[in-house]
Amino acid sequence: MITTTPQRWSDAFSGWDGSPAAAREVQKQLASQVVLEDEFGPLRLIAGVDVGFEEGGTITRAAVVLLDAETLEPLAQTLARIPTSMPYIPGLLSFRELPAVLQALDSLGQTPDLIFSDGHGIAHPRGLGIAAHLGVITGLPTIGVAKKILTGQHDVLGEQRGDQVDLVDKGGKVIGTVLRSKDKVRPLIISPGNRVSLASAPQLVMRYVTRYRLPEPTRLADRLASRRDEKRASAQRSMDLE
């Protein structure tokens with residue numbers, strides 16, 4: 001079980017004085033600790049992580065869903081709702097969202113073998129998106145599953161399920177994969193967060209893609225974080241009363 005004590009929270013942002021400039025320096029330091037090799041055993045438990053906001057962005061709502069890695073049966077889910085500690089600043093998403101994510105993971109009661117996080121891993125201007133930040137401070141294998149590019153460029157991508165091309169930075173270094181998870185749908189941006197290789201990250205994502213665009217771990221976490229099911233139920237109740 002991950003212990004998200006107050007000390008651990010401070011460790012997650014060690015050296016940060018609350019300023020964007022200092023946050024960027026912390027990112028550079030932590031990025032050097034990212035491991036881009038497959039350091040995970042047999043997958044039994046996998047988790048999806050996503051974050052939404054309530055009350056005009058003043059409340060951060062982090063969702064974690066735990067699944068059986070073989071059957072994809074949801075086994076547990078947790079929510080953490082805490083006051084939002086900083087505004088949205090491009091490239092510093094993890095400093096805004098991780099406190100709630102860590103609390104949700106701590107409440108899960110079980111440690112997943114692999115975490116799929118909505119957002120970027122190393123496909124980030126300083127090599128430390130939220131998936132990488134989460135992986136380094138927890139020590140767990142993580143993969144970033146993002147819906148749009150934050151940095152980098154790529155060649156033309158095919159239209160069929162499973163088509164992929166490298167995402168590269170300005171220097172030509174591969175930092176992720178642009179992946180078509182379903183025929184003719186918008187691609188996903190896949191990058192390892194920690195303890196997962198560049199080659200394995202898209203393979204693992206496709207392993208857990210069913211009939212939807214997103215892999216099941218982040219798809220279920222997205223539903224919970226965005227309150228999509230609650231909103232649908234509320235809309236249906238309103239229709240029933242008309």
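A pocket is an open set of grid points where a 1.4 Å probe fits, with protein on both sides within 12 Å along at least five of seven lines. The exercises below apply to a predicted model.

**Exercise 1.** Determine how much space lies in the largest pocket and which residues and elements line it.

*Solution.* Begin with the volume: the largest pocket holds about 620 Å³ of space. Next, consider its lining, which comprises 29 residues. Leu93, Glu97, Asp118, Gly119 and Lys148 are those nearest the centre of this pocket. Two or more lining residues come from each of strand 1 (45-54), helix 3 (93-108) and helix 6 (216-226). Finally, sort the lining by class: twelve residues are nonpolar, nine polar and eight charged.

**Exercise 2.** Describe the second largest pocket by its volume and lining.

*Solution.* The volume is about 210 Å³. Among the lining residues are Ala31, Val34, His124, Arg126, Asp169 and Lys173. By class, the lining divides into six nonpolar, three polar and three charged residues.

**Exercise 3.** Establish the strand order of the sheet and locate the helices that pack on it.

*Solution.* First, the eight strands form an open sheet with mixed pairing, in the order 3-2-1-4-5-8-7-6. Strand 3 (74-83) and strand 6 (164-168) each pair on one side only and are therefore the edge strands. From one strand to the next, the twist averages 25°. Second, strand 1 and strand 4 (residues 114-118) run parallel and are joined by four bridges; Ile46 stands opposite Leu114 in strand 4. Third, helix 3 lies across strands 1, 2, 3 and 4, at about 140° to strand 3. Helix 4 (residues 130-138) touches strands 4, 5 and 8, and its direction makes about 165° with that of strand 5.

Note on methods:
Residues numbered from 1 in each chain as written. Predicted model: local features only at pLDDT ≥ 70, side-chain atom pairs only at ≥ 80, totals over all residues. Heavy atoms only, no water. 1 Å grid on protein atoms, 1.4 Å probe; cavity = no way out; pocket = protein on both sides within 12 Å on 5 of 7 lines; lining within 4 Å. Points joined across faces, edges and corners; volume = space filled by probe spheres on them. Nonpolar A, V, L, I, M, F, W, Y, C, P; charged D, E, K, R; others polar. Pairing = 2+ DSSP bridges. Axes fitted to C-alpha atoms, helices over the stretch in contact; angles between N-to-C directions. Contact = heavy atoms within 4.5 Å.
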